[in-house]
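Welcome, and please get your viewer ready. We will go from one selection to the next and look at what sits at each stop.

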Amino acid sequence: MTAQPAVPWVVAPGMSVRTSSVPPPHGPAEQFTAGRRAAAAALAAAGSTERTVPRAKDGRPLFPRGFTGSISHSGRLAVAAVVPGAEAVGVDIEPTVITPRVAAFCLREQERRRLLAPVGSYTARDLFAAKEAAFKAMNCLGTLGEFLFWQIRLSQCDGALTATYRGESVPLWIRAEADLSFAVAIRR
């Protein structure tokens, strides 16, 4: 069963987002199936007649031509975002509290100083999800070589959050709820 969250997660123009609960025992097989259910619902909402999202050899989801998308899941929730006509999309949901030690590892000092509350408006979990979403959107470009998500730099200008790696940039949108951070990166 696919359900929309209480607060709509449509944070970027033209984006269709759908969620699906992960049934017990909440393992990898259940997460995979819930992710594909969410993807099918997001494709339908975006106007696609094709609703199947097979898996590429490297594990990435293969969305139908013209309907670029991304899938993420936690132990109990899967989410899919589809943006028709986009070059790349990355989505991440993060229910885990990010410890100061993990934040120090995956966020640069400047990111922690400028973007984290109380100076900035984000939590470490928000920024962790943002880097994961940006990694998915940027990694599929195939021109950046192999890299790890924490090597991405986050910056904010005039309220807009951007991820950058090796001269490539992608805008980010974040939506946070009390127990979950949702981030999406869209490369048009």
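## Stop one: strand β9

Start by selecting β9, whose two faces are both covered: Leu180, Phe182, Val184 and Ile186 on one side, and Ser181, Ala183, Ala185 and Arg187 on the other, are all buried. Buried here means under 20% relative accessible area, exposed means over 50%, and partly exposed is in between (1.4 Å probe, protein chains only). Because 8 of the 8 residues of β9 are buried, the strand is largely enclosed by the rest of the structure. Strands are DSSP runs of E with at least two residues, helices are runs of H or I with at least four, and both are numbered from the N terminus.

Before moving on, note that this is a predicted model, in which local features need pLDDT of at least 70 and side-chain atom pairs count only at pLDDT 80 or more, while totals for chains, interfaces and linings use all residues. Residues are numbered from 1 along each chain as its sequence is written, and side-chain values use heavy atoms, with hydrogens and water left out.

## Stop two: the neighbours of β9

Now add β5 to the selection: it runs antiparallel to β9, and 7 bridges join the two. Click on Val89 and look for its bridge partner in β9, which is Ile186.

Next, show β8 (residues 168-177), which is also antiparallel to β9 and joined to it by 6 bridges. Here Arg175 stands opposite Phe182, and Ile174 is opposite Ala183. Follow the chain from β8 into β9 and you will trace a hairpin with 2 residues between the strands.

## Stop three: the whole sheet

Zoom out a little. In what order do the strands of the open sheet come? There are 5 strands, in the order β5-β9-β8-β7-β6, with antiparallel pairing. The edge strands are β5 and β6 (153-157), each of which pairs on one side only. Neighbouring strands are turned by 30 degrees against each other on average, direction ignored. Two strands count as paired if DSSP finds at least two bridges between them.

Then select α4, which lies across β5, β6, β7 (160-165), β8 and β9 and runs at about 150 degrees to β5. Angles run from 0 to 180 degrees between N-to-C directions, with axes as lines fitted to C-alpha atoms, for helices over the stretch in contact; contact means heavy atoms within 4.5 Å.

## Stop four: salt bridges

A search of the whole structure finds 5 salt bridges, each being a side-chain nitrogen of Lys or Arg within 4 Å of a carboxyl oxygen of Asp or Glu.

Return to the end of β9 and show the side chains of Arg187 and Glu87, which form one of them (3.5 Å, N to O). Arg187 lies in β9 (residues 180-187) and Glu87 in the loop between β4 (77-84) and β5 (88-94), so the pair ties together parts that are 100 residues apart in sequence. Arg187 is buried at 17% relative accessibility, whereas Glu87 is partly exposed at 45%.

Now pick Glu111 and Lys131, whose side chains meet in a salt bridge (2.9 Å, N to O). Glu111 is in helix α3 (residues 109-115) and Lys131 in helix α4 (residues 124-139), 20 residues apart. Both Glu111 and Lys131 are buried. Add Glu168 to your view as well: salt bridges with shared partners join Glu87, Glu168 and Arg187 into one network.
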